[in-house]
Amino acid sequence: MLSWLTKQLISWVMSRTRAGDIRPTLALDAPDLTFTFPGSNSWSGTRHGRDAHRAWLERLVRVGVKTGVDAVVAGGLPWNMTACVRGRSWRDTPAGERVYENRYVIWAKLRWGRVFFYKDTAATEKAQALDDYLEANEPALAQP
């Protein structure tokens with residue numbers, strides 16, 4: 001039941017982000033959030049706090065990357081919960097050409113409904129390919 005409820009919430013939050021509204025995601029962030037995205041690309045690194053996560057999400061929306069949820073497994077007690085989210089991300093050009101497609105797994109730790117640790121494990125070569133595409137085709141979006 002907890003996994004189902006968590007999937008409903010995360011699916012709704014991601015639908016809002018796809019629509020350009022990152023406020024629901026930020027509402028789930030603990031002030032001391034640590035967020036990690038793997039690799040050596042413009043998306044990667046470890047960020048600390050809501051403001052750093054906000055900047056990353058704002059770029060995600062600006063670039064037009066969309067995310068969706070396939071499965072969620074959640075467990076634990078309210079003061080020490082773990083959620084694992086498996087999903088996909090993509091970006092299409094205005095003409096409808098898919099220029100980025102990736103799979104991810106997010107490992108998150110929550111305290112009282114707030115995410116304080118979040119590690120994304122997307123395929124880093126695909127994130128780099130998105131960087132390369134943006135640099136060559138849409139340089140205004142290439143830099144964070």
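The following legends describe close-up views of a predicted model.

**View 1. The six-stranded open sheet and its edges.** The strands of this open sheet follow the order β2-β1-β6-β5-β4-β3, and their pairing is mixed. At the edges lie β2 (45-48) and β3 (66-77), each of which pairs on one side only. Neighbouring strands of the sheet are turned against each other by 15° on average, with direction ignored.

**View 2. The pairing of β1 with β2.** Strand β1, which covers residues 29-37, runs antiparallel to β2 and is joined to β2 by four bridges. Within this pairing, T36 has T46 of β2 as its bridge partner.

**View 3. Helices α1 and α3 packed on the sheet.** Helix α1 (residues 2-18) touches β3, β4 (80-92) and β5 (98-111), and the direction of α1 makes about 150° with that of β3. Helix α3 also packs on the sheet, where its contacts are with β1, β2, β4 and β6 (114-120), and its direction makes about 55° with that of β1.

**View 4. Helix α3 and its buried face.** Spanning residues 50-63, α3 has 14 residues and reaches 20 Å from its first C-alpha to its last, which is close to the 20 Å expected at 1.5 Å a residue. The buried residues of this helix are H53, W56, L57, R59, L60 and V63. Because these buried residues fall within an arc of 155° when seen down the axis of α3, they line one face of the helix. In general, an α-helix has 3.6 residues a turn, so residues three or four places apart point the same way.

**View 5. The residue that follows α3.** Just after the helix, G64 takes a positive phi of about 95°.

Technical notes:
Residues numbered from 1 in each chain as written. Predicted model: local features only at pLDDT ≥ 70, side-chain atom pairs only at ≥ 80, totals over all residues. Heavy atoms only, no water. Helix = DSSP H or I, 4+ residues; strand = E, 2+ residues; numbered from the N terminus. Expected span 1.5 Å × (residues − 1). Buried < 20%, exposed > 50% of the residue type's maximum accessible area, 1.4 Å probe, protein only. Arc of directions from axis to C-beta. Pairing = 2+ DSSP bridges. Axes fitted to C-alpha atoms, helices over the stretch in contact; angles between N-to-C directions. Contact = heavy atoms within 4.5 Å.
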